[in-house]
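Reader: Could you take me through this structure?
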Amino acid sequence: MIDFKGYEWVFWEGLQVTLAVGLSCIPVVVVMGLLGAWAKLSGNRVARSIGYTYTTIVRGVPELVLIIEIYYGLTEALQLLLSAASGGEILIDIDPFTAGTITLGLIYGAFATEVFRGAYLAVDRGQIEAARAFGMHEKLAFVRVVFPQMMRFAIPGLGNVWMVLIKATALMSVIQLPELMRMADVAARAVRMPFTFYFGAIVIYLAITVVSLYGLRHGEIWSNRGIRRA
Amino acid sequence: MPFSAIIDNLDRFAWGALLTIELTVISLAIGLVCAVPVGIGRLSRSPIIRWPIYAYMFVFRGTPLIAQLFLIYYGSGQFVPQLRAIGLWDGFFREPMFCALLALVLNTTAYTAEILRGAILGVPTGEIEAAKAFGMSRLLQLRRVVLPRAFRIGLPAYTNEVVFLFQATSLVSLITLLDLVGVARDVISDTFRAHQVWIFVGAVYCVISYLLFWLFGQLEYRWSAHLRARPGAAAKTGAAPATEAATAMIR
Amino acid sequence: MKKTIIASLVAAAALALVAGTAAADMKKVKIGTEGAYPPFNSIDPEGKLVGFDIDIANALCAAANFECEFVIQDWDGIIPALQAKKFDAIIASMSITDKRKEVVDFTDKYYNTPTHFIAAKGSGITEFTAESLDGKRIGLQGATIFEDFVRATFPKSEVVTYGTQDEANADLVSGRVDLVMADKIALDDGFLKTDAGACCEFVGADYTDEKWFGPGAGIAIRKGEGDLVDAFNAAIKKIREDGTYKKINDKYFAFDVYGEPAM
């Protein structure tokens, strides 16, 4: 069909890295999201302001700028911190994959914070009151009653975050992560066929989108199992 | 750290910010205008209109903006002779500015159309039925009832899109344009003061983003006046009982 | 949550410390390079780093008894990355300039080649003054000596900067820029001699003014690491004397790229 001049492999290699980064981000995003939501809903003023600062910065600064600054800044900051803490010289090398995962996780964790916050607030107060009436203390009520229901409300929002996240992995190309965009770039420059390779990359991103949408629809159906349709 | 790198290059940053704002405003304006027919078409009863529009929106919402940008800018370089033959090279695709605008417009139109679609679906059916009962044509319904209501409903989501687009213009620095981020990279390669510059640029984007949020918040407030209590409903100090009774009756 | 984060950070630090102290006899040195500047450094179809810079780096490491590892880094972030300790030395055809010397140290040069313009065939550009190039678009890789030179010498021309030399070349092919300036060899072997370069040719004369282009390409090293600088300098002398340099030189070029013996 189309002659990729021997560089077909870039699509497969790039796709693997893109998916790997996306999937590795999920735990980071969920953790940061829960942390952030907890902070913003907290009674503690310091926690609240940290939470708000976190989401404010991430919402206000473009991803490109955040990615570049965190990639260099994080390494230096960690090195400074650990060198100061241990008194010696610690060399941390954060490879692009880890840096990319942490960066995207931090950025989209802020988005997830809003999702979890909204999900928490959407849980019917009556449920919490009933749990208390049963004598459950707060932590137990949270684990048994609030959290599972929170997840039901959070799934659509988290699904949206995933859709945006997987596309944002394309920006990782600026920190030399060999994901799909970067690999398409390498091939395009090598054989001077930019349109062909970027078009191929677009087709693959579309495929990822289609599969994700399908999976998300099933995720939503599953998380709403047992709920009466209005 | 002394912000010398910033202060010495303030004029360059100003030009960069200007380009960023230019790109944002032009893309949003064209995008909004185009989104109306596209959003309406998406809800068309005829599949011949619906499907191509759905496909267009799916592609531009389902793929990264950076890929779209590179495809248009670098990709067009693969077809120079063909483009030259139809006169689209020298005036259009050759210029990074037009390539950037094309990508941004296509992208924001797709997202805005989707917002509009959701908003149109959210218009209370009662209002549309009332319009029909008045004998309004489809076009008149759209113009007088559906669209004004839809704009109000979609405003919060559109605010997000506006801020997103403003931040997304930073990607044009990757196709040689000297927007704020482009200037930032230039200044860094000159002065090697990466952290200063990025913190400064991040702050600028933050400030303008929140300015936009506030501006649109004001617009939302003005446009939802009909949903709030009438002025003077609460404060009744000094009003004569007679007038009070009269106004109470009218309400 | 917070405790787990601190715990894992401490664990990571401990791991790094242990890994660091378990060093072999050979000193580990990480070398940063761009991988987008053929024939000096580029990535072959298999994804491996190849080129003159790479071979020289390997030879120097052998001569200095270093265990070397390469790290690919985009050009405009290469000095910040060095300072962030992502690698310890830059061997990427980086020219020695006073401006760069303010933030990094350089070893002696390891090659020196002139600079030149290229343009599309039949462009008719024969004069190279600020006046004659008024309004012309000149494409360059950003953060290079070429950019500084062109901005100062041809203030009436429009300067367009790119992330890589390849992107500048590609836009010359498509006609988005009228001229491109870079290292003569990089333009020749890396572009004009390839299929894509058939459109274009050298124009004008060589530029070699040391004021702009420095004494040649050297190895950039963080300030305060004089030992590393000395080690590399000794290694450069060694491979020049024992013929390794000539072998690598001849593998890529038909002439001597070292240039006039400097210093």
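Author: The exchange below covers a helix pair, one chain and a contact between chains. This is a predicted model, in which local features need pLDDT of at least 70, side-chain atom pairs count only at pLDDT 80 or more, and totals for chains, interfaces and linings use all residues. Residues are numbered from 1 along each chain as its sequence is written, and chains are lettered from A and ligands numbered from 1 in the order in which they are written.

Reader: At what angle do the axes of α2 and α9 of chain B cross?
Author: The axes of α2(B) (residues 10-42) and α9(B) (residues 138-168) cross at roughly 135° and come within 9 Å. Axes are lines fitted to C-alpha atoms, for helices over the stretch in contact, and angles run from 0 to 180 degrees between N-to-C directions. Helices (H or I, at least four residues) and strands (E, at least two) are DSSP runs, numbered from the N terminus.

Reader: Which residues of α2(B) and α9(B) meet?
Author: B:Thr24, B:Ser27 and B:Leu28 of α2(B) meet B:Val162, B:Leu165 and B:Phe166 of α9(B); contact requires C-beta atoms, placed from the backbone, within 7 Å.

Reader: Turning to chain C, how many helices and strands are there?
Author: Chain C has 10 helices and 13 strands. Of its contacts with a separation of 6 or more, 73% join residues 24 or more positions apart.

Reader: And how many residues does each chain give to the contact of B with C?
Author: Chain B gives 9 residues and chain C gives 14. Helix α10 (residues 180-191) of chain B supplies the largest share of the chain B side, 3 residues.

Definitions and conventions
Two residues are in contact if their C-beta atoms, placed from the backbone, lie within 7 Å.
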